[in-house]
Amino acid sequence: MSCFSRFFIAGSLLSLAVGCTNQPANAPTADKAGSPAVEADAHAHDHPSVGPHDGSLVELGNHEYHIEVTHDATSVTLYVLDGHAKQVVPIDTSEVTINLMQAGAPKQFTLPANPDSSDPAGESSRFTLADADLVALLDDHDAAPSVSLTIDGTPYTGKIEHDHDHDH
């Protein structure tokens, strides 16, 4: 047996012995009240199920920010929210992008900044696009829409899952 074969077999056996999980090595695993696992789960759910404008929520990062998606029959508005999905967060960018699939082909929509009157100069917490096609595609399960933006130099992407249980 060659040296390479021995190395390959030893590496394979070591991989099997160590195992592979999706959790970090020091991930909390306790499950009683007050434990890190329960507190992490509580943090993951300490935001509302809809945003302050009654829109669907999209998580960005590890609950660092949220996007609230609202629409009427002809336009879509996205709001950048804090990690608790309660307060708007003005950001220094001129547009936000929605990526999706239309008839099996990728399509991109750019929503320009539409600053709220309370947003600081040069920043926006609101992004709006009047486009009835985009509104229809947000309701199409095959479109698989996602939102992409950069906040303070960090790129974020989040999957838009439309909620049919409330009005927008």
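**Strand pairing and a salt bridge in the predicted model**

In strand β2, Ile67 is the bridge partner of Val58. This pairing belongs to the contact between β1 and β2 (residues 65–71), which is antiparallel and comprises five bridges. The description that follows refers throughout to a predicted model.

Strands β1 and β2 form part of an open sheet of four strands, in which the order is β1-β2-β3-β6 and the pairing is antiparallel. The edges of this sheet are occupied by β1 (56–60) and β6; each has a single partner strand, so one side of each remains without a neighbour in the sheet. On average, and with direction ignored, neighbouring strands of this sheet are turned by 20° against each other.

Another open sheet of four strands, also with antiparallel pairing, is arranged in the order β5-β4-β7-β8. Its edge strands are β5 (105–112) and β8 (154–159), each of which pairs on one side only. From one strand to the next, the twist averages 20°.

Within the β5-β4-β7-β8 sheet, strand β4 (residues 95–102) is joined to β7 in the antiparallel sense by three bridges. In this pairing, Thr97 of β4 is located opposite Ser148 of β7. On the other side, β7 (residues 146–151) runs antiparallel to β8, and six bridges join the two strands. Here, Val147 faces Gly158, a residue of β8. Strands β7 and β8 form a hairpin in which two residues separate them, and Asp152 in the turn adopts a positive phi of about 50°.

With regard to charged side chains, a search of the whole structure identifies one salt bridge. This salt bridge is formed by the side chains of Asp116 and Arg126, with an N to O distance of 3.8 Å. Asp116 is situated in the loop between β5 and β6 (126–130), whereas Arg126 belongs to strand β6; the pair therefore ties together parts that are 10 residues apart in sequence. The two partners were also assessed for solvent accessibility. Asp116 has a relative accessible area of 28% and is thus partly exposed. For Arg126 the relative accessible area is 19%, and the residue is classed as buried because the cut-off for burial is under 20%. The strand that contains Arg126, β6, is also an edge strand of the β1-β2-β3-β6 sheet, while β5, which precedes the loop holding Asp116, is an edge strand of the β5-β4-β7-β8 sheet.

Methods: Residues are numbered from 1 along each chain as its sequence is written. This is a predicted model: local features need pLDDT of at least 70, side-chain atom pairs count only at pLDDT 80 or more; totals for chains, interfaces and linings use all residues. Side-chain values use heavy atoms; hydrogens and water are left out. Two strands pair if DSSP finds at least two bridges between them. Axes are lines fitted to C-alpha atoms, for helices over the stretch in contact, and angles run from 0 to 180 degrees between N-to-C directions. A salt bridge is a side-chain nitrogen of Lys or Arg within 4 Å of a carboxyl oxygen of Asp or Glu. Buried means under 20% relative accessible area, exposed over 50%, partly exposed in between (1.4 Å probe, protein chains only).
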